[in-house]
Each structure stands twice: as C-alpha cells, then as structure tokens.
Amino acid sequence: LEIHIVPMTMGGDDEQGLLLVLQDVTAIRRLERMRSEFVANVSHELKTPVAAVKGFAETLLAGAMNDEETARSFLTIIQDESDRLNRLIGDILELSKIESRRSPLQFSPIDLPAFLGRMAELLSPEAGKKSIELNVQAEEGLFLEADEDRLGQILMNLLQNGINYTPEGGKVKVTAEVVESGDGEEELVRITVADTGIGIPKKDVPRIFERFYRVDKARSRSSGGTGLGLSIVKHLTELHRGTIRVESEIGAGSKFILELPLLQP
Ligand code: ADP
C-alpha cells in the first residue's frame, strides 16, 4: 500500500486541507518485479552462449587452430552456440511482439487435417533421426478459423517438444476433433499432442508455461530448447481465446491438450 499526502486549499478561504491517497500497488509492483526478473533471465540466457563463443574463439587464436581436428570441433561449438543465440533472440522478439499486441491475428479457415499433415511432414526428418513414429489423426473436412502462422508456431513448438522429450523409438501423435465447450455455448476444436516420452513431474506441471522454466536445464539445452516455447504457445493460444493444459505421467509420456474456438467472432 502506498500513501500519498497532498496539501491543498479548500474553498475560497485560507482554510488548508490535506488530501490522503491510499493506493494498492500490489499489481503494479508485481508487474515491475516480473519485468525485471525477465530482463535478468534474458541477460543470463544470452551471456552463456556468448561466453562459449568468446572462450572457444580465444582458445583457437591462442594456438588450438593449428590442430585441425581440435579446430573443427571448436568451430562446431561456436556454430551451435551462435544458432542457439539466434533462436533465443528470435523467441524473445516473438514474445515481446505478442505481448505488445503489435501484430493482430489474421484469421482464415484452415483445413485442419491437411495443415496438421504438413506440420508433421516438416518435422518428420527430425523424428526419423530418433526413429520416432509421428502420426496425425484428424476428422476429414474439419475447418478451424485461426491465424495460420500462429497456429503453425503453436503446433511446431508442441511437436518439437514431443520429439525432444521422447527417447528413441517412441511415438508422438496429434489428434484433432470437435468438442462442445463446458457451458455448451460453443464448438471447440481439441488438438492433442501426445508423446510416449519422459513425462513431467507433478510439481513442475503448473510452471512449465512460465518463461525460461525448464524441468531439466541440461536436457533442454542439449536438445536446443530456449525455455520460451511453451510461454509463446500459451500466449498465442490465449490470443485465439483458447486454452491449453497438460496431462503427464513420469516415464509414460505427456499429453498437451489445446482447445480453440472453431469460429472466431
Ligand atoms: P524448452 O525450450 O526447454 O523445451 P519449453 O517452454 O518448450 O522450453 O518447455 C518448458 C519445459 O517443459 C521443458 O524444458 C521441459 O522440461 C518441459 N516439457 C515441455 N514439453 C515436454 C514434453 N513433451 N515432455 C516432457 N517435458 C516437456
């Protein structure tokens, strides 16, 4: 609570008064704290790859360059870390764009089975590398009104995670169906991305949509994650007036359930 006392003159006479303002600043302070935490997190996340690039470049210049095999492995690290930096910067910019509502959604009818098929096809090389079976099951003729690019981002993130957090030989499955909203007022499209992966501990489930939150930092890093994917997914889902939730069991797999209105107003 912030208290401001402002002296003031009352009426026409010389009578003096005090104006007492009590302001509940909890929400403002919380926002400020979140913002400064985010900046601190971003700085930390950016510093790690920059430090690696600098360190390996220095070591190369100090002599490691003379051994071709060493040089090649250090340069590969520099390349990977630069890619990582790029992904991070891209995700940070994307989040800030979404949050500032600078680019409104462009809704159009999307042929969902065809769309999901294309998404799966884009990721099939990656799934193939880990012998993961990736399949799509959607009702023929199911059209959803959504922003196609944004819906693509949502699905790419969910599918990518499914592949990243599933061991070799596992399965990732996308299904789409029409369901009724809880209050029966509206038709929703439910898109489920289910994997047979490592699962998410109960205590972490409520936090995985937070920016930079990861269950296992090392694992996320080695699979190229930025820790921002799910917070982008959540924002984009909300912009579509949709919801997203997770059901997961350690060692058995995770299911991300996305529900979007079939039609936009
Ligand atoms: P990241 O770039 O680390 O994957 P995300 O925001 O996409 O970041 O996800 C946040 C965290 O949630 C991940 O680091 C991981 O711990 C967990 N997670 C996300 N998807 C899955 C999944 N399909 N299976 C298991 N854990 C997952």
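Start with strand 7 (187-195) and strand 9 (253-261). These two strands pair in the antiparallel sense over seven bridges. Pick Leu 188, then look across: its bridge partner in strand 9 is Pro 261. Keep in mind that this is a predicted model.

**Strand 6 and its hairpin**

Add strand 6 (171-180) to the selection. Strand 6 and strand 7 run antiparallel, joined by nine bridges. Show Glu 177 as sticks; Arg 190 in strand 7 stands opposite. Now follow the chain from strand 6 into strand 7. Six residues lie between the strands of this hairpin. Stop at Gly 184, where phi is positive, near 70 degrees.

**Strand 8 and its hairpin**

Next, select strand 8 (243-249). Strand 8 pairs with strand 9, again antiparallel, over seven bridges. Two cross-strand positions are good to label. Arg 245 faces Ile 257 of strand 9, and Glu 249 faces Gly 253 of strand 9. The link between the strands is a hairpin with three residues. In that turn, Gly 251 has a positive phi of about 80 degrees.

Now show the side chains of strand 8. Which of them are buried? Ile 244, Val 246 and Ser 248 are, and they point to one face. Thr 243, Arg 245, Glu 247 and Glu 249 point to the other face and are not buried.

**The whole sheet**

Zoom out and colour the five strands in the order 4-6-7-9-8. The sheet is open, and its pairing is mixed. Where are the edges? They are at strand 4 (133-138) and strand 8. Each has a single partner strand, so one side of each is left without a neighbour in the sheet. Neighbouring strands are turned by 15 degrees against each other on average, direction ignored.

Bring in helix 3 (residues 112-129), which packs on the sheet. The helix touches strand 4, strand 6 and strand 7. Its direction makes about 180 degrees with that of strand 4.

**The largest pocket**

Turn on a surface and find the largest pocket, with about 740 Å³ of space. To centre the view, select Asn 161, Asn 164, Tyr 165, Ser 220 and Gly 225, which lie nearest the pocket centre among 34 lining residues. Helix 2 (68-99), helix 4 (148-164), helix 5 (217-222), helix 6 (229-239) and strand 9 each give two or more residues to the lining. Helix 4 has the largest share, with five residues. Colour the lining by class: twelve residues are nonpolar, 15 polar and seven charged.

**Glu 94**

Go to helix 2 and pick Glu 94. Is this residue buried or exposed? Its relative accessibility is 14%, so Glu 94 counts as buried, the cut-off being under 20%. Leave aside neighbours within four places in sequence, and Glu 94 is in contact with Arg 150, Gln 153 and Ile 232.

**The second largest pocket**

Finish at the second largest pocket, which has a volume of about 350 Å³. Select Met 34, Glu 37, Asn 41, Glu 210 and Arg 211; of the 15 lining residues, these are the closest to the centre. Helix 1 (26-61) and helix 6 are the elements that give two or more residues to this lining. The largest share, five residues, comes from helix 1. By class, the lining has five nonpolar, three polar and seven charged residues.

Technical notes: Residues are numbered from 1 along each chain as its sequence is written. Side-chain values use heavy atoms; hydrogens and water are left out. On a 1 Å grid over the protein atoms alone, a cavity is a set of points where a 1.4 Å probe fits but cannot get out, and a pocket is an open set with protein on both sides within 12 Å along at least five of seven lines; lining residues have an atom within 4 Å of a point. Grid points are joined across faces, edges and corners, and a volume is the space filled by probe spheres set on the points. Helices (H or I, at least four residues) and strands (E, at least two) are DSSP runs, numbered from the N terminus. Ala, Val, Leu, Ile, Met, Phe, Trp, Tyr, Cys and Pro count as nonpolar, Asp, Glu, Lys and Arg as charged, and the others, Gly among them, as polar. Two strands pair if DSSP finds at least two bridges between them. Axes are lines fitted to C-alpha atoms, for helices over the stretch in contact, and angles run from 0 to 180 degrees between N-to-C directions. Contact means heavy atoms within 4.5 Å. Buried means under 20% relative accessible area, exposed over 50%, partly exposed in between (1.4 Å probe, protein chains only).
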